[in-house]
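Me: I would like a close look at a single part of this protein, namely its interior: the nonpolar core and the empty spaces around it. Please take me through it in one connected account.

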Amino acid sequence: MFPLRLQTHSLIKRLFINSCITALAFATNAAVVQPTAQFMLQWTQLQSFGLVHLVPLPTAIKSVMAFLLMDLTYYYWHRANHRFLFLWRFHNVHHIDPDLDISTGFRFHGVEILLSAGLRVFQIALTGISQGTYILYELVYQANTLFHHSNIRLPIWTERWLNTILVTPRMHGVHHSQVQDETNSNYSVIFPWWDKLHQTLRLNVPQSEIEIGIPAYSSPDDNTLQHLWLVPFQKQRDYWRKPDNKLVERSPSVLGEDLSRMVDFSTTSIAPNLSLRTE
């Protein structure tokens, strides 16, 4: 009813595809990731292993520390999925979605979910997080993942305020842009502070200027169920060029001057203002 970005593809078809991919992701999570996490939670508590066990602090402070460390380490994991080509092969399935909404928030290749079991082992062993704090983290993580993938248009002042403490739809929308520099920004999941700390924050792109997806995988055939399951195992394309070999770039004229200042509508155009360059 209040869309942040206009849909470009059939919603019903996308929901079917995303639901099928999500089903495998959920099955992998239930079969591998959560049992692994529960084992590590029990082991770290029995062994008093992890950073929070090294300092004599009140339980509440330890819980806050563990929660923040879980979110920070996931920032590094997300960034690694963009930096290392082996991980990106699988994470790319999430970004190929030509529109961005709540269903995209669950659309992850099963192998990426399987690999995240190793991340959970590392996170729990590093932090020594308690069972209760871990459950709280999972709930907040999942809730905010759905929120910032959503396509809801909030008043700009409301979202600017929320974005001081949470990753929001406009912030994460930039992360799903077809422009490489924009995709390689805004990695945070719950708190936006990690992008600010690591100088990977980018809020100055109007949502009306963003074309969602990956340029090299932007044809309808690229977003079929069979292709999405198999594409990580196939020869990879030059991700940031369209099928006609044109590089997708952003026209500087549509950008806000301050990278950390969230903008609303473009003042120059309604359609995405992209330049396509062939080298």
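Reply: A nonpolar core is here a set of buried Ala, Val, Leu, Ile, Met, Phe, Trp, Tyr and Cys residues joined through side-chain atoms within 4.5 Å, where buried stands for under 20% relative accessible area. The model is a predicted one, and what follows should be read with that in mind. The largest nonpolar core has 25 residues, and those that touch the most other members are Tyr74, Ile124, Ile129, Tyr134, Tyr137, Tyr141 and Ile190. At least two residues of this core come from each of helix H1 (11-47), helix H2 (59-83), helix H4 (110-127) and helix H5 (131-149), and it is H2 that gives the most, with 8 residues. As a general matter, nonpolar side chains in soluble globular proteins tend to be buried together.

Tyrosine 137 offers a way into the detail: leaving aside residues up to four places away in sequence, it touches Phe67, Met70, Asp71, Tyr74, Arg120, Gln123 and Ile190. Apart from the largest core lies another one, of 14 residues, which includes Ile17, Ile214, Leu225 and Leu228.

For orientation along the chain, an unreviewed UniProt entry places the feature "domain: Fatty acid hydroxylase" at residues 64-200. Over residues 64-200 the chain is 67% helix and 0% strand, with its end C-alpha atoms 24 Å apart.

The empty spaces come next, beginning with an open one. The second largest pocket has a volume of about 430 Å³, and of the 19 residues that line this pocket, Asn29, Ile113, Glu138, Tyr141 and Gln142 are the closest to its centre. Tyr141 is thus named both here and among the core residues that touch the most other members. H1, H2, H4 and H5 are the elements that give two or more residues to the lining of the second largest pocket, and that lining divides into 10 nonpolar, 6 polar and 3 charged residues.

As for closed spaces, the count comes to 2 cavities of 30 Å³ or more. The largest cavity holds about 120 Å³ of space; it is lined by 15 residues, and Tyr74, His78, Phe108, His149 and Val189 lie nearest its centre. Two or more residues of this lining are given by each of H2, helix H3 (85-96) and H5. By type, the lining of the largest cavity is made up of 5 nonpolar, 9 polar and 1 charged residues. Tyr74, which lies among the residues nearest the centre of this cavity, is also one of the residues that tyrosine 137 touches.

The second largest cavity has a volume of about 40 Å³, and its lining consists of His9, Ile96, Pro98, Tyr217, Ser218, Ser219, Pro220 and Asn223. These lining residues divide into 4 nonpolar, 4 polar and no charged.

Two backbone details may be set beside this picture. Most residues other than glycine have a negative phi. Asparagine 186, however, has a positive phi, near 55°, and is found in the loop between helix H8 (180-183) and helix H9 (193-197). Glutamine 199 likewise has a positive phi, near 60°, and its place is in the loop between H9 and helix H10 (225-230). Their surroundings can be told apart by accessibility: asparagine 186 is buried, with a relative accessible area of 0%, whereas glutamine 199, at 74% relative accessibility, counts as exposed.

Methods:
Residues numbered from 1 in each chain as written. Predicted model: local features only at pLDDT ≥ 70, side-chain atom pairs only at ≥ 80, totals over all residues. Heavy atoms only, no water. Buried < 20%, exposed > 50% of the residue type's maximum accessible area, 1.4 Å probe, protein only. Helix = DSSP H or I, 4+ residues; strand = E, 2+ residues; numbered from the N terminus. Contact = heavy atoms within 4.5 Å. UniProt positions renumbered as here; feature names shortened; annotations may be inferred. 1 Å grid on protein atoms, 1.4 Å probe; cavity = no way out; pocket = protein on both sides within 12 Å on 5 of 7 lines; lining within 4 Å. Points joined across faces, edges and corners; volume = space filled by probe spheres on them. Nonpolar A, V, L, I, M, F, W, Y, C, P; charged D, E, K, R; others polar.
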